[in-house]
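Trainee: Please choose one part of this structure and take me through it closely, working outward from there until I can see how it sits among its surroundings.

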Amino acid sequence: MLRIAVPNKGSLSGPAAEMLHEAGYQQRRESKELRIVDPENEVEFFYLRPRDIAIYVASGRLDLGITGRDLLIDSGADAEEILPLGFARSTFRFAAKPGTANGIEDLKGRTVATSYEGIVAGHLADSGVDASVVHLDGAVETAIQLGVAEVIADVVETGTSLRNAGLEVFGEPIMKSEAIVIRRTGTDGEEPKVQQFLRRLQGVLVARTYVMMDYDCRVEQLEKAVALTPGLESPTVSPLHNEGWVAVRAMVPAKEAQRIMDDLYAIGARAILTTAIHACRL
Ligand SMILES: Nc1ncnc2c1ncn2[C@@H]1O[C@H](COP(=O)(O)OP(=O)(O)OP(=O)(O)O)[C@@H](O)[C@H]1O
Ligand SMILES: O=P(O)(O)OC[C@H]1O[C@H](OP(=O)(O)OP(=O)(O)O)[C@H](O)[C@@H]1O
Ligand SMILES: [Mg+2]
């Protein structure tokens with residue numbers, strides 16, 4: 001049975017459970033459940049603190065885990081990223097009161113507050129900057145106002161938390177993060193059960209990012225239409241009862257669907273429809 005770690009709390013937990021559910025796996029009914037078995041899919045899910053997941057996976061007791069890239073790097077655990085999942089996207093950045101720092105070189109001799117000590121200490125060492133790091137569990141934006149640090153390093157998504165605390169980012173982004181699937185470094189990636197799990201999640205990602213597009217067009221316009229909707233392999237083209245017309249079907253990126261529909265219309269395609277894809281195996 002495959003043993004998989006899933007975040008039990010925080011920004012990763014809801015979207016991770018939703019993705020697993022969409023991929024056909026049973027998920028816990030109550031947020032207090034720590035472990036469930038999905039016998040049909042031969043998977044056991046362990047609901048763990050997001051910060052601890054890389055440590056469990058690196059220990060070899062669990063086969064796979066879902067966590068954040070920033071949490072994996074911060075842990076320093078012997079685990080590696082095998083699939084990005086596209087949610088819990090964030091950037092990890094330094095911030096301070098406006099005008100107090102412009103770049104990492106300004107941190108020399110100062111104190112940086114963060115919940116991600118591993119990332120920050122590593123980044124400072126790589127940059128050859130000698131600064132102190134204070135570890136706080138959360139709400140680090142307040143550390144400056146209360147005089148615990150002059151600079152913070154934290155997760156930024158919309159920037160609202162920083163704005164509310166009167167802070168501004170400075171310097172280059174330290175890293176970009178998103179939810180990822182991890183395994184112990186150097187383990188066999190060909191294991192069929194692991195491959196099947198990854199294919200299911202990839203199917204969800206494709207179903208979320210693509211739509212199916214159908215339209216009719218005149219045979220003379222087919223090459224132009226196919227260039228607009230090349231599909232994954234190549235589009236399906238079927239004859240219509242009316243001679244000189246064909247029906248075309250192809251997957252297109254959901255974000256571009258409206259622009260492609262305009263372009264198809266402009267070259268004479270008609271009855272252009274899009275439908276959602278619920279599941280997919282590429
Ligand atoms: N506001 C956010 N937007 C997007 N991703 C975020 C946000 N906050 C945290 N994350 C991501 O979630 C992961 C952190 O997990 P964690 O459980 O600490 O989330 P959290 O929402 O900060 O929870 P907590 O309530 O424990 O502070 C990291 O990968 C981080 O990049
Ligand atoms: O740029 P924003 O959209 O404002 O998001 C970023 C904020 O979200 C997270 O905080 P969280 O709510 O998890 O609280 P925490 O600081 O206690 O972890 C993170 O630590 C930032 O504070
Ligand atoms: Mg947090």
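Mentor: Let us start from Ala 77, which counts as buried because 23 C-beta neighbours lie inside 10 Å, where 20 or more are needed for that label. Please keep in mind throughout that this is a predicted model. Although buried, Ala 77 belongs to a loop, the one between α3 and β5 (79-84). Leaving aside its neighbours within four places in sequence, Ala 77 is in contact with Ala 54, Ile 55 and Ala 58. For one of these partners, Ala 58, the C-alpha atom is separated from that of Ala 77 by 6.0 Å, with the two positions 19 residues apart along the chain.

A useful contrast is Arg 61, which is placed in the loop between α2 (50-59) and β4 (64-68). Arg 61 is exposed, because 12 other C-beta atoms lie within 10 Å of its own and 12 or fewer is the limit for that class. From Arg 61 to Ala 276, 215 residues apart along the chain, the C-alpha separation is 38 Å.

From Ala 77 we can move to the nonpolar core, since Ala 54, one of its contacts, is also among the core members that touch the most others. The largest nonpolar core has 56 residues, and the members touching the most others are Ala 5, Val 6, Ala 54, Val 57 and Ile 152. The element that gives the most to this core is α2, with six residues. Both domain 1 (2-88 + 178-187) and domain 2 (90-177) contribute residues, so the core lies between them. To see one member in detail, take Val 6, which, not counting residues up to four places away in sequence, touches Ala 16, Ala 17, Leu 20, Phe 45, Phe 46, Tyr 47 and Ile 66. Another core, of 13 residues, lies apart from this one, and among its members are Tyr 215, Cys 217, Ala 250 and Ala 269.

The position between domain 1 and domain 2 comes up again when we turn to the ligands. Residues from domain 1 (2-88 + 178-187) and from domain 2 (90-177) both enter the shell around ligand 1, so this shell, too, lies between them. Ligand 1 is surrounded by 14 residues, of which the closest are Gly 10, Ser 11, Gly 68, Ser 90 and Glu 157. At least two residues of that shell come from each of α1 (10-22) and α3 (69-75), and α1 gives the most, with three residues. In terms of class, five residues around ligand 1 are nonpolar, six are polar and three are charged. The helix α3 also brings us back to the starting point, since the loop that holds Ala 77 runs between α3 and β5.

Around ligand 2 lie Gly 138, Ala 139, Glu 141, Asp 154, Val 155, Val 156, Glu 157, Thr 158, Gly 159, Thr 160 and Ser 161. Two or more of these residues come from each of β9 (151-156) and α6 (160-164), with β9 supplying the largest share, three residues. The shell around ligand 2 has three nonpolar, five polar and three charged residues. Glu 157 therefore appears in the surroundings of both ligands, as one of the closest residues to ligand 1 and as a member of the shell around ligand 2. Ala 139 deserves a second look, for its phi is positive, about 45°, although it is not a glycine. Ala 139 lies in the loop between β8 (132-135) and α5 (142-145), and it is exposed, with 11 other C-beta atoms within 10 Å.

To place this part in the whole, note that the chain is divided into domain 1 (2-88 + 178-187), domain 2 (90-177) and domain 3 (210-276), and that 49 Å separate the centres of domain 2 and domain 3, taken over C-alpha atoms. An unreviewed UniProt entry lists residues 49-203 as "domain: ATP phosphoribosyltransferase catalytic"; this span is 32% helix and 31% strand, and its end C-alpha atoms lie 26 Å apart. For residues 207-278 the unreviewed UniProt entry gives "domain: Histidine biosynthesis HisG C-terminal", and here the span is 28% helix and 40% strand, with end C-alpha atoms 6 Å apart. Ala 271, in strand β15 (residues 270-276), also has a positive phi, near 50°, in a residue other than glycine, and with 11 other C-beta atoms within 10 Å it is exposed.

How values were computed:
Residues are numbered from 1 along each chain as its sequence is written. Chains are lettered from A and ligands numbered from 1 in the order in which they are written. This is a predicted model: local features need pLDDT of at least 70, side-chain atom pairs count only at pLDDT 80 or more; totals for chains, interfaces and linings use all residues. UniProt positions are given in the numbering used here, feature names are shortened, and annotations may be inferred rather than shown by experiment. Helices (H or I, at least four residues) and strands (E, at least two) are DSSP runs, numbered from the N terminus. A residue is near a molecule or strand if its C-beta atom, placed from the backbone, lies within 6 Å of it. Ala, Val, Leu, Ile, Met, Phe, Trp, Tyr, Cys and Pro count as nonpolar, Asp, Glu, Lys and Arg as charged, and the others, Gly among them, as polar. A nonpolar core is a set of buried Ala, Val, Leu, Ile, Met, Phe, Trp, Tyr and Cys residues joined through C-beta atoms within 7 Å. Domain bounds come from an automatic or database domain assignment. Two residues are in contact if their C-beta atoms, placed from the backbone, lie within 7 Å.
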